[in-house]
Amino acid sequence: MLIKLTGGTVYDPMHGINGEVRDIYIQDGRITDPPNDMPIHQVYSLNNKIVMAGAIDIHSHIGGGNVNIARTLLPEDHWANPLPHTELLRAGSGHIIPSTFATGYRYAEMGYTAVFEPAVLPMNARQAHMEMGDIPLIDKGGYALLGNDDYGLRMLAANKDQKAFNDYVAWILRASQCLGIKVVNPGGINAFKFNQRRLHLDEPGPYYGVTPRQILLRLARALHELDVPHPLHVHGCNLGVPGNLETTLSTIEGIAGLPMHLAHIQFHSYGAEGDRKFSSGAAQIAEAVNRNPNITVDVGQILFGQTVTVSSDSMQQYANHLHAYPKKWAFVDIECDAGCGIVPFKYLDKNFVNALQWTIGLEIFLLVDDPWRVFLTTDHPNGAPFVSYPHLIRLLMDRSFRNDMLATIHPDAARASTLGAITREYSLYEIAVMTRAGAAKLLGLSDRGHLGIGAAADITVYTKQEDKEKMFSKPDYVFKDGELIVRNGEIIKVTWGTTHVVRPEFDNSIEKELSNYFDRYLPMKLGNFKIHDEEMIYFGQGHIQVHPCRERNSS
Amino acid sequence: MFYHTQTGIWEEVPNPFCGIAADDLKVKVEDNRLTIIENGCPVTQPAFEQAIGDSTPQIQGKATRLETAIARANKLLSHSRLPLISGLATDVEGVRAALALADYYGAVIDHMDSKATLRNMLALQTGGWITTTLGEVRNRVDLLLVVGSDIESCLPRFFERYIWNSETLFGQDTAQRKIIYLGQSPSGQAACRPDGRAPLILSCKQEELPEVVAVLRAQAVGHPLQAESVAGITMEKLATLVNRLKQAQYGVITWAAEQWNFPHAELTIQMLGEIIMALNKTTRCSGLPLGGRNGQVTANQVCTWQTGYPIPISFARGYPDYDPYHYNTKRLLESGEADALIWISALDQNDRPPITSIPTVVLGRAGMNFTQVPEVFIPIGTPGIDHGGHAYRTDNVIAVPLHKLRESRLPSAAEILYAMLEYRC
Ligand SMILES: [Zn+2]
């Protein structure tokens, strides 16, 4: 079947197309050349419509044991937000921590076609994939968590050579079926198991004596040498701690120019100035990002209201648990691998700290010059549920709206912030960069995030509107792999996306030592730990796409 | 790796029947007969070794074709006002399929052991908790407090694998680990140290546990009490216990909720949670809920990610609704609200449906015998024996892959349930 999208105004930053009227042809799920004389089966006239690739969320907690514990902990979110089934759609529930079907439907309705789970504990990866396997419509993938696993820390403590460490990292990517590697509070989760409550960037951790900075460097180098497209995805030390700005700057400066992605940077950009010992470090952070082209960030914007913080960073989550609302929390030490901390939270616009956090996130968005290096996230559900993205986009695109909002928050926070003086408004092109082209590039998904010939036909079509929140809330059409799945903001067909993975080369002889480690210390055999392709594809619901590791020196 | 060493012998087989889901079993397969030749236990052995028996579908006890049995089951469902899908002893894939069916027919979905699971879930939903996993216990625990439970009767290999293991990551001498039983005394010798010394026991009757734990909690959070003893245990002994927990580097408090038969056991679990939280102000201590037989944890996990809730859940209003008391299998059968029962029991031939006057469809492990003949019986295979699948371990974190060990051609619960959906009337 050949489909033609005609007359739409196209934003395709990967090809430098900035609002040009172009026709797009779709065949067999891909974007194709204009046909010579083939019959066109379907034509969509898109005059006055905006056409972009499907949006990609690089950091959203959508599946994995941590998310499911958060779901269990908060039946009140589900009671208050029931989602009835329809002829087409499965029932579900939840707003801040939705069930899997609801997650897929809500993302697709907003024009998102791929979402990446950043906290896949290798020991729990099987669950992460099973949960994500039940999320319809969108593509997904995960970043495997390292840096707090006893095996890796033992390797570093024994000063194993980088080559052996690289093999281990590659083996983990393969065994856990992931697209990248993330580190959360390097060494800190492990230290918490030894009853340590804080671990600074250059402080040797308990038992292994390895510092967080050493862990970061080794992991970043491993990914670089393995040519994994996605750089080390970092949730740094001291999340949420006033004054952590210094740690973040030191992390950026100390990575030796290696590619590094700093997740939810907003939570790591706090000064300790002023009467309340809490201030914005956004300007310094943005300046450091601007100066270091090896660094990319996503913001983790907070928005006001009830949410739940879901993190592997059991150490920092524990430190914050007394702020929980409602007053309950869950923590788990997990399998000599990592941990989990769940703390419900309500951000209030009349609370000074929360209000300033809100401005800090927006300041970073607006002060980082290059939209290819800053990404739109709320660290769902940590900063806010992902359904608030259209609202966030409006805050970035509409200065007067932003200033209206600024006028409603805690007056001291508004006064302390430079936000009101920032005139920048994001353009549609820049939004397309940060939510599509830049995301695909950062992840190494060469056939997603753009509208060039050969790309997967993941396409979102919006009606041009003054109110950008309205515009981005309800696309006219969403095509997933060439199939129309959403019309006028409503799902009309349910498909199952792909799981994106990388499989860098490695020397498999490391399995001998690993297998011995599993037998001696862990209650699972290495062979049963590895996730096999057949497990990812059941009852015809899943697919795997393996992305090549970048050829050396080719950018 | 899971593999054949010689014809008919499987190594490193994961165990779907026991909550610790050990994956070091060695299993021999001759024709369709299984024998565990290494690392079996009294819970696992009989479950693995049940003979297949008759695998013909039946309607009212008479042999029939599979298609006919499915058609009859569908007819029952389509005439039902409130179907109840229960038992739910199956793998991840079986629970997924059961939820699809429940969603379509507006059914209630429950598990045969949901009462036990719910005690833990209610405690978690009310106050949260701090827990750990078996791998952490194996490497870190220095003090294990067992509250009101006999671990070895439900998890016979627990001590061998997680307490008296020969080495740990941090060079701990496991023989020095301290074991304390509060309430119930152990039924066997598994908790005794390798040198034969028995664990310390502070005994009380099961129904006195809530009171004892409440006092322990008061001690842990620093509320002074006037009493001199509780349930025959002196305050001094409880104070010593709290002190030992405070001195421990990595204490673990464990319980098996399925063994607790006193009312509102969830409140006692909640108090244990509060003790653990208080201890974590100065040291590390975690909870470890034990149990998880019959796919309890598996059912809970899948229900939670697909609907937002643990079991039991009703889809009667068109969306998932969670009410632990209202949607209980026993209550729905006794009140007459449920008018058709789908009973799924893939793990054990002996887990037959409750006796009921409403028409019943059983998807049961092949070879199941009935005291009350069901309207429809569809024999199914067992995950981890007849087909692959996934099962959760008691600690709520690790899912093990289950493998096919023999060629019985028995369908999985999921295959039958999806077929029911495909050919619905
Ligand atoms: Zn995150």
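Reader: Where is Thr64(B) found in chain B?
Author: This is a predicted model, so the answer describes a computed structure. Two elements frame the residue: helix H2 (66-79) on one side and strand E6 (62-63) on the other. Thr64(B) is found in the loop between strand E6 and helix H2 of chain B.

Reader: Is Thr64(B) buried or exposed?
Author: Leaving out residues up to four places away in sequence, Thr64(B) touches Thr56(B), Pro57(B), Gln58(B), Ile59(B) and Ala69(B). A residue counts as buried when its relative accessible area is under 20%. Thr64(B) has 18%, so the word for this residue is buried.

Reader: What is the relative accessibility of Val29(B), and which strand holds this residue?
Author: Not counting neighbours within four places in sequence, Val29(B) is in contact with Gly8(B), Trp10(B), Leu34(B), Leu405(B) and Arg406(B). Val29(B) counts as buried, at 15% relative accessibility. Its place, residues 25-30 of chain B, is strand E3.

Reader: Which protein residues are donors of the zinc ion?
Author: Along the chain, the donors follow the spacing H-x1-H-x317-D. They lie 2.1 Å from the zinc ion, two of them giving NE2 and one giving OD. In that order, the donors are His59(A), His61(A) and Asp379(A).

Reader: How many residues apart in sequence are the parts that His59(A) and Asp379(A) tie together?
Author: Both His59(A) and Asp379(A) are buried. His59(A) lies in the loop between strand E6 (55-57) and helix H1 (65-73) of chain A, while Asp379(A) lies in the loop between strand E20 (374-375) and helix H13 (389-397), so the pair ties together parts that are apart in sequence by 320 residues.

Reader: What area is buried between chain B and chain A?
Author: On the chain B side, 72 residues are in contact with 60 residues of chain A. Leu169(B), Arg284(B) and Trp305(B) supply 13% of the area that chain B buries against chain A, more than any other three residues. Carbon and sulfur atoms give 54% of the area buried between the chains, which is about 5600 Å².

Reader: How many salt bridges does the rule find across the interface of chain B and chain A?
Author: Here is an example to look for: the side chains of Asp134(A) and Arg96(B) meet in a salt bridge, 3.0 Å from N to O. Polar contacts between the two chains, with both residues at pLDDT 80 or more, come to 52 residue pairs. For salt bridges across this interface, the number is seven.

Reader: Which helix gives the most to the side of chain B that touches chain A?
Author: By class, this side of chain B has 32 nonpolar, 23 polar and 17 charged residues. The helix that gives the most supplies seven residues, and its range is 92-105. The name is helix H3 of chain B.

Reader: Is Arg157(B), in its salt bridge with Glu160(B), buried or exposed?
Author: The two side chains meet at 3.0 Å, N to O. Glu160(B) counts as partly exposed at 44% relative accessibility. Arg157(B) has 6%, so the word for this residue is buried.

Reader: How many salt bridges does a search of the whole structure find?
Author: One of the pairs is Lys350(A) with Asp349(A), whose closest N and O atoms are 3.6 Å apart. In chain A, Arg30(A), Asp139(A), Asp447(A), Arg448(A), Asp458(A), Lys480(A) and Asp481(A) are linked in a network of salt bridges. Over all chains, the total is 59.

Notes: Residues numbered from 1 in each chain as written. Chains lettered and ligands numbered in written order. Predicted model: local features only at pLDDT ≥ 70, side-chain atom pairs only at ≥ 80, totals over all residues. Heavy atoms only, no water. Donors = N, O, S within 2.8 Å, 3.2 Å for Na, K, Ca; no water. Helix = DSSP H or I, 4+ residues; strand = E, 2+ residues; numbered from the N terminus. Buried < 20%, exposed > 50% of the residue type's maximum accessible area, 1.4 Å probe, protein only. Contact = heavy atoms within 4.5 Å. Buried area = accessible area lost by both parts, 1.4 Å probe. Salt bridge = Lys/Arg side-chain N within 4 Å of Asp/Glu carboxyl O. Polar contact = N/O pair within 3.5 Å; in protein donor to acceptor, adjacent residues only side chain to side chain. Nonpolar A, V, L, I, M, F, W, Y, C, P; charged D, E, K, R; others polar.
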